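Please open the structure in your viewer and keep the selection tool at hand. The tour below moves from one selection to the next and says what is to be found at each stop.

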There are 8 protein chains.
Amino acid sequence: MGSDSDWPTMQAAAVMLKEFGVPFEARVVSAHRTPDLLFSYAAEAAGRGLKAIIAGAGGAAHLPGMLASKTTIPVLGVPVQSKALSGQDSLLSIVQMPKGIPVATFAIGEAGAANAALFAVAMLANGDPALAQKLAAFRQAQTDKVLAMKLPEV
Amino acid sequence: MGSDSDWPTMQAAAVMLKEFGVPFEARVVSAHRTPDLLFSYAAEAAGRGLKAIIAGAGGAAHLPGMLASKTTIPVLGVPVQSKALSGQDSLLSIVQMPKGIPVATFAIGEAGAANAALFAVAMLANGDPALAQKLAAFRQAQTDKVLAMKLPEV
Amino acid sequence: MGSDSDWPTMQAAAVMLKEFGVPFEARVVSAHRTPDLLFSYAAEAAGRGLKAIIAGAGGAAHLPGMLASKTTIPVLGVPVQSKALSGQDSLLSIVQMPKGIPVATFAIGEAGAANAALFAVAMLANGDPALAQKLAAFRQAQTDKVLAMKLPEV
Amino acid sequence: MGSDSDWPTMQAAAVMLKEFGVPFEARVVSAHRTPDLLFSYAAEAAGRGLKAIIAGAGGAAHLPGMLASKTTIPVLGVPVQSKALSGQDSLLSIVQMPKGIPVATFAIGEAGAANAALFAVAMLANGDPALAQKLAAFRQAQTDKVLAMKLPEV
Amino acid sequence: MGSDSDWPTMQAAAVMLKEFGVPFEARVVSAHRTPDLLFSYAAEAAGRGLKAIIAGAGGAAHLPGMLASKTTIPVLGVPVQSKALSGQDSLLSIVQMPKGIPVATFAIGEAGAANAALFAVAMLANGDPALAQKLAAFRQAQTDKVLAMKLPEV
Amino acid sequence: MGSDSDWPTMQAAAVMLKEFGVPFEARVVSAHRTPDLLFSYAAEAAGRGLKAIIAGAGGAAHLPGMLASKTTIPVLGVPVQSKALSGQDSLLSIVQMPKGIPVATFAIGEAGAANAALFAVAMLANGDPALAQKLAAFRQAQTDKVLAMKLPEV
Amino acid sequence: MGSDSDWPTMQAAAVMLKEFGVPFEARVVSAHRTPDLLFSYAAEAAGRGLKAIIAGAGGAAHLPGMLASKTTIPVLGVPVQSKALSGQDSLLSIVQMPKGIPVATFAIGEAGAANAALFAVAMLANGDPALAQKLAAFRQAQTDKVLAMKLPEV
Amino acid sequence: MGSDSDWPTMQAAAVMLKEFGVPFEARVVSAHRTPDLLFSYAAEAAGRGLKAIIAGAGGAAHLPGMLASKTTIPVLGVPVQSKALSGQDSLLSIVQMPKGIPVATFAIGEAGAANAALFAVAMLANGDPALAQKLAAFRQAQTDKVLAMKLPEV
């Protein structure tokens, strides 16, 4: 993510990956303040065996797109809710990538962070039956939780 | 996609997949007009060996999210440019998924369709060195093309 | 509605229906987390004698449209105010339905929930003179309340 | 509708109602230029046996809401696509009604007009089995049409 | 204004008119809940000697436009800040009037209310030198106040 | 207006004023390219006997507000439809004036230009019975025109 | 800036300039309430040796553009976050200047104010090696700060 | 600029610089397709004696911000009008930079490109009296052109 101020949002991704037992690393990499780190991080990602990068950023959110420009492994972008424009700037800066360099974009804020992690799990589950089973169980538990919801009397 | 009127947009995905030699099927599945097909398509996707679904839709674009609700394989959503709102409705309907069911969203229109395909290639390339090489070559060719661009004199 | 977190909004519909003595049931049905329930609920609605379904949802709000895809009884959609985009995503996801499958959409938030209920009352009142009279009385009382408003001195 | 310039949009409603054999009248009633007609039209609607009013308008679209303020029969609003703002003004002017006076709102433009008619059919079908059957057949034909769509080779 | 809940906004107009000694009346007139009062109020305005009407409303704000449809005296509209959309709906519902029926629109919220009053003063000052002088003095005092502002040390 | 490219929009105001026999002058005054003219024009307006200024501008539309800052006579602003943002920038630049300096704002584009003229007529008609009668006749003719509209058969 | 209420935002520019030892003056100049001061301030800026003007304003933010119309020295605009529209109006009013009169625009709010100052430093640093070095050091410190950020355990 | 398809917009900057006799180079540098070139271009800019960089880009427009992250010389950003969102995405992606790395942003499209060049001229003119004179003459000619505009008779 671009700053430790994005952590309250992005930790939802970390929590989800941990829940699935998927190993991950959490790093602050700022597109604008640490561009060299961004470049080396992306350039070395495949060689280090990373299977995907989840990148959260707000405002003029360039981190996901620039990571994607420097690696061919899947980049998942999370628009962090910004102060003035509530993440509309973050969303458009991440999702409107030009033809040729994709960034998979998720919802603004915490829901998007959690879903980016779930999507990464789904990608990995394609070749990992045990993980696929965990994902199916997670989905079933989620369904059961909704089915068990009770509404108060009016 | 939700209608054959989405084909001019979505064929960019098909063309890209064909270019990479990735087998795919192209189907019209309408969330609102063929909901049962949507459900059976999504429910059978994993069993039929599909590794991902690219779903394009416009306006109140429910196709990608509903496919995602019925399968655990990765769903990639492409907002088709709509007539009145230029795809702002399509984008928000696809990307703002609630926590628990992710849809990886790409840019509005043809760029998004092509990028969804490229992202699918990147996912598959994680376990397929030959495809990874093709993707790297594609990216290099794309870079070379930009480097070769000439601007006219003013 | 799609989650019990929508209840603070949607209870305005329940309160209104109760006030008019119109029997109703309140259920949590999530388009994305309980799609099978959504389908069976909609498919059985007509047979169970339901005359209309009021569906509230937020963000990528697919519940009303997908219910409408599986039943021919009138579906009334209420956009729940979302966190980042204040319900603009909910509104567009519900109202911008394609030709062929209508969802009657109401205002974002509590006013929309109450109005969906009032609209359902108006539909039923077409064939129910007693209910029509109740509705007329409600409207008159509402008018009287405005007429009785007093503004403080400046 | 508010002007004969809205007819290209609103005729989609008329065509649909005619297709279902539902009797209707089409009138130009302008909220701003013929307010007295608007008032008398709405006030007399119930007495004349109208079961619903479909009202289309663009820009500062006050017609549907003001009709609703003067009658208790269901009012269905269609936002006509406006020149500068593509119907965003029309949509918000129609859908954001205050608590107490509902307007059932449909999509911007022709799709919304057709859907308002389909929704009116669905309302009437609640008490009319023959019409309900026609609606079911229409929906089935619509589904069949999508199922028969063929995509060209890439 | 459309409801006593608009008073916190609209009282800024009343305060301003009082400051200038311009006689006025403050009334709650709801377009949707008291349409008959709206009509009679507008129809009688000229005869009662009113020189202008300042109308504030929020959401689907039809009050100013409908007043304007029933009178030829100048109508000044104030978009009240709405809950979900912050007055964007109010603004578009008031300002986007069709050719033929003008509503002079001011800023969203309290600034707009105060300015509507100042504009009414300016209109009346055209034929009232004493009022014109008061307005000039008000403007000068306002200028002096800005000129006297001091910023703290950094 | 700010440029002769605004004339296709603003001539609707001139045509309307001419129709009512209200004397006017049409000038190009650019806030940004002729600021001194803007200042002198506004400063001399009252002394020259102008009763109102209609100012049209597009994009970062500063003309109406700056005129208003230099005169106490009523300023009527018309947002000209801009190329990229369709006049949304023009509208907000004109209408969102701070407390203290009002600009009466009308719809984006030609409708707004015509309505600004009609509003000026209404202001002048307050003290001019003959003009008031003309305005009433104009409104009646407009009503009659709508009443005479015929819709084609479906 | 246009009002002392903009100071909480604009002081970020002052703090930054002070940090770099760049001399500056902070003034309240309101486009609408002190237009003459605005004009004289801009007209005299070059003669007084000012190298740039940083202007912050909110809502219908005319200050930066009007300063730019009266001087040829660089004007830097900062959109202050407004109450109803969160600075969307401020941003468009500042950035959408017509061809011929540029205003360099920065982000909405405090970040934009700080960045306007940094940009002014960068301009001055072009001819001032010592300042250039300070700027480079600032940037390095900023980078180091990000590199030192630690995230908590999940 | 990010692609030769941006040239129709960006040539307005080149034409303007040429008109002022300011030497410049025009290059295609794509943030996403030639990130290494972007980095080396920015890193070497100061050493090569560049005084400013004008960068135009559309959609998820990362070029200006990433150049700014790698150099301390002033970066001027031009949002190119995009297909679906008319440059709203480009504008927000460029202007909403985080505190610490400024990008001076100009209007969407050709006006912005020309103005970025004019702003660069103004920066250079701070230390170049001849250029300052040229700029003053350009501005005077521009003013004269507006003053000479004639409107047709109505």
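Begin by selecting residues 1-146 of chain A, which an unreviewed UniProt entry marks as the feature "domain: PurE"; UniProt positions follow the numbering used here, feature names are shortened, and annotations may be inferred rather than shown by experiment. The C-alpha atoms at the two ends of this span are 31 Å apart, and the span is 50% helix and 10% strand, where helices (H or I, at least four residues) and strands (E, at least two) are DSSP runs numbered from the N terminus.

Before going on, note that this is a predicted model, in which local features need pLDDT of at least 70 and side-chain atom pairs count only at pLDDT 80 or more, while totals for chains, interfaces and linings use all residues. Residues are numbered from 1 along each chain as its sequence is written, chains are lettered from A and ligands numbered from 1 in the order in which they are written, and side-chain values use heavy atoms, with hydrogens and water left out.

Next, select B:S86, in the loop between β2 (75-80) and α4 (88-95) of chain B. Most residues other than glycine have a negative phi, yet B:S86, which is not a glycine, has a positive phi of about 55°. In chain D, D:S86 also has a positive phi of about 55°, and this residue lies in the loop between β2 (75-80) and α4 (88-95) of that chain.

Now turn to the aromatic rings: the whole structure holds 24 aromatic pairs over all chains, a pair being rings of Phe, Tyr or Trp (its six-membered ring) with centres within 6.5 Å, called stacked if the planes are under 30 degrees apart, edge-to-face if over 60 and tilted otherwise. Select B:F106 and B:F119, whose ring centres are 5.4 Å apart with planes at 55°, so the pair is tilted. B:F106 sits in the loop between β3 (104-105) and α5 (110-125) of chain B and B:F119 in helix α5, so the pair ties together parts 13 residues apart in sequence. Both B:F106 and B:F119 are buried (under 20% relative accessible area, with exposed over 50% and partly exposed in between, using a 1.4 Å probe and protein chains only). Adding A:F106 and A:F119 to the selection shows a cluster linked by ring pairs with B:F106 and B:F119.

Finally, select G:N126, in the loop between α5 (110-125) and α6 (129-147) of chain G, which is partly exposed at 28% relative accessibility. Leaving aside residues up to four places away in sequence, G:N126 touches H:K51, H:I73 and H:P74 (heavy atoms within 4.5 Å), and its side chain reaches the backbone oxygen of H:K51 at 2.9 Å.

Technical notes
A polar contact is a pair of N or O atoms within 3.5 Å; within protein, one must be able to donate a hydrogen and the other to accept it, and residues adjacent in sequence count only if both atoms are side-chain atoms.
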